[in-house]
Amino acid sequence: MGSGTTAEVATSTPAWEYAPAPESRDIVSIAGEYGLFVDGEFRQAADGGTFATVNPATEETLAVVAEAGPADIAAAVAAARRAYEQVWSPMPGAERAKYLYRIARVLQERAREFAVLESLDNGKPIRESRDVDVPLAAAHFFYYAGWADKLEHAGFGPDPRPLGVAAQVIPWNFPLLMAAWKLAPALAAGNTCVLKPAETTPLTALLLAEVCQQAGLPDGVVNVLTGAGETGAALVQQRGVDKIAFTGSTEVGKQIATTAAGTGAKLTLELGGKAANIVFDDAPVEQAIEGIVNGIFFNQGHVCCAGSRLLVQESVAEIVIERLQRRLATLRLGDPLDKNTDVGAINSRQQLDKITELAAAGDAEGAQRWSPPCELPDKGFWFAPTLFTGVSQSHRIAREEIFGPVLSVLTFRTPDEAVAKANNTPYGLSAGIWTDKGSRILWMAQRLRAGVIWANTYNRFDPASPFGGYQESGYGREGGRHGLAAYLSA
Ligand code: NDP
């Protein structure tokens, strides 16, 4: 890519602008303060601890939220245990299903409220929270509601049993959706839950707790403990927890695996990734460009399965990069509540610092950085969509999870080389293949060490489809029939 290409991209940027199309935030009423959700009611933390959650697009404080300490964790696990023994596990599956269907329907009814709240607390574009996060969260509850009375036909023996109390710790990138991924299969299988949302995105989990009340879910079946990393660490160490489910960084996942060892608690870990999105010379270029953009710029790249390493066949590298640049120049970055926005805010200052640091490492190691002309708002946390070319496998930006809107472009010549480069990572969560040949898709898919492989598409999710990784991307599967296995003992 020469500088001529960049100039060409700049001049091809449309001269006209979209009119603002802001979604109204009036649909959401955000309380000044939020309590923990324990045993069916909202309450303050026993020691009165609180923290603030901010809108990452403006740095405005949205609310002050209770911070759960040891007494709250013990109370939530005890409430979940009581609910498990007295109400939820003895309840026939068909009855449990009714509650899950109710939660799913209320999520649909209140979809707009959830979408706006998610975009405010997380920074993601409303288009994504409205069209992806919230509908998929509802779909998960619908899907697992359908399993609740069919567990004996799920292939886990004639009488699969729930495990008990599940401690579930989730990250900030898909706050509501990750809560649904955790709660729906656990509840369908007859477990009760203590959920710990991420410190920077507690609000939709708390609204979901309100939905549990609205659906008449028995007290203690779902508990939500807000707090920071210490709350998560104390929760997974709490006696009386039978199952731990964690989604987040590989580093914390390893700590949790150490904590859980020898306790008898069953563990599933969904951790980081550094996926290869592989484009062959016979791929439909325009379709591949959309897939590359969706793969890394969806949700600002805060996606564990993001296609953060583009492997493009050398013979088409120049044209793919040029078209990609042209497409990136059309992305609109800004107000997450604007329905035209493609790229929203980075979730926190801490994450912005991490992305900035890794991108600087890319510069220092000799890769070439390119971003479209793009004005960043004065307030809030922002990072322009960024491409690095001239990346080699040893560069940090090719090895480490950046978790931001940064794409590292590498090239290959043969399918064998593509496989070798794609697998040259300690992770193994996902991969993408773009080619016209079905036989090549199958050949590649058999050789790529990744839990999820998309062909001629990327970042497609469905509740019926299992999701999970190999190696440092964790173990266990979420979604589909496989997702039930994590919450049952045969
Ligand atoms: P973490 O793994 O630290 O956070 C995930 C969840 O675990 C949060 O709820 C967090 O709480 C909680 N937590 C933190 N420490 C512990 C602990 N010792 N025991 C139990 N729970 C804990 O991710 P970060 O938010 O700190 O992000 C760091 C990096 O991790 C990112 O830059 C990104 O690269 C990667 N990441 C990957 C994700 C993925 O799905 N692959 C998801 C999120 C992050 P709290 O947020 O309150 O600290």
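# Exercises on a Predicted Structure

Glu401 is buried, with a relative accessible area of 13%. The exercises below concern a predicted model.

## Exercise 1. The surroundings of Glu401

Determine where Glu401 lies in the chain and which residues it contacts beyond its neighbours within four places in sequence.

**Solution.**

Step 1. Place the residue. Glu401 belongs to the loop that runs between helix H13 (396-399) and S16.

Step 2. Classify it. A residue counts as buried under 20% relative accessible area. The value for Glu401 is 13%, so this residue is buried.

Step 3. List the contacts. With neighbours within four places set aside, Glu401 touches Gly272, Gly273, Lys274, Cys304, Lys354, Leu358 and Tyr427.

Step 4. Compare with a separation along the chain. Pro20 and Glu401 are 381 residues apart in sequence, and their C-alpha atoms are 33 Å apart in space.

## Exercise 2. The sheet that contains S16

State the order of the strands in the open sheet of 7 strands, and explain why S14 and S18 each have one side without a neighbour.

**Solution.**

Step 1. Write down the order. The strands follow one another as S14-S15-S16-S13-S12-S17-S18, and the pairing is mixed.

Step 2. Examine the edges. Strand S14 (368-370) and strand S18 (452-455) each have a single partner strand, so one side of each lacks a neighbour in the sheet. On average, neighbouring strands of this sheet are turned by 20° against each other, direction ignored.

Step 3. Recall what holds such strands together. Strands of a sheet pair through backbone hydrogen bonds, in either a parallel or an antiparallel manner.

Step 4. Follow the pairings around S13 and S16. Strand S12 (residues 276-279) is joined to strand S13 (residues 309-313) by 4 bridges, and the two run parallel. Asn277 stands opposite Leu310 in S13. S13 and S16 are also parallel, with 5 bridges, and the bridge partner of Leu310 in S16 is Val409. Finally, S15 pairs with S16 in the parallel sense over 3 bridges; here Thr386 has Val406 as its bridge partner in S16.

Step 5. Assess how enclosed S16 is. Of its 7 residues, 6 are buried, so S16 is largely enclosed by the rest of the structure.

Step 6. Add a helix. Helix H14 (residues 415-422) lies across S12, S13 and S16, and it runs at about 170° to S13.

## Exercise 3. The sheet of 3 strands

Identify the edge strands of the open sheet formed by 3 strands, and name the helix that packs on this sheet.

**Solution.**

Step 1. Give the order. The sheet reads S1-S5-S4, with mixed pairing.

Step 2. Find the edges. Strand S1 (33-34) and strand S4 (50-54) have a single partner strand each, so one side of each is left without a neighbour in the sheet.

Step 3. Describe one pairing. S1 and strand S5 (residues 61-66) run parallel and are joined by 2 bridges. Tyr34 stands opposite Val65 in S5.

Step 4. Name the helix. Helix H7 (residues 203-214) packs on the sheet and touches S1, S4 and S5; its direction makes about 60° with that of S5.

## Exercise 4. Cysteines and disulfides

Decide how many disulfides the model contains, and explain why Cys305 is not bonded to Cys304.

**Solution.**

Step 1. Recall the chemistry. A disulfide is a covalent bond that links the sulfur atoms of two cysteines.

Step 2. Apply the cut-off. The two sulfur atoms must be within 2.5 Å. The count by this rule is 0 disulfides. For Cys212, the nearest cysteine sulfur is that of Cys193, 9.1 Å away.

Step 3. Consider Cys305. The closest cysteine sulfur, in Cys304, is 4.7 Å from that of Cys305, which is too far for a bond.

Step 4. Check the accessibility. Cys305 is buried at 1% relative accessibility, and Cys212 is buried at 3%.

## Exercise 5. The two domains

Describe the contact between domain 1 and domain 2.

**Solution.**

Step 1. Set the bounds. The domain assignment gives domain 1 (33-271 + 470-489) and domain 2 (273-455). Their C-alpha centres lie 30 Å apart.

Step 2. Count the residues. In domain 1, 30 residues are in contact with 34 residues of domain 2.

Step 3. State the area. About 2600 Å² is buried between domain 1 and domain 2, and carbon and sulfur atoms give 55% of it.

Step 4. Find the main contributors. Glu59, Trp172 and Gln471 supply 19% of the area that domain 1 buries against domain 2, more than any other three residues.

Methods: Residues are numbered from 1 along each chain as its sequence is written. This is a predicted model: local features need pLDDT of at least 70, side-chain atom pairs count only at pLDDT 80 or more; totals for chains, interfaces and linings use all residues. Side-chain values use heavy atoms; hydrogens and water are left out. Buried means under 20% relative accessible area, exposed over 50%, partly exposed in between (1.4 Å probe, protein chains only). Two strands pair if DSSP finds at least two bridges between them. Axes are lines fitted to C-alpha atoms, for helices over the stretch in contact, and angles run from 0 to 180 degrees between N-to-C directions. Contact means heavy atoms within 4.5 Å. Domain bounds come from an automatic or database domain assignment. Buried area is the accessible area (1.4 Å probe) that two parts lose on being put together, summed over both.
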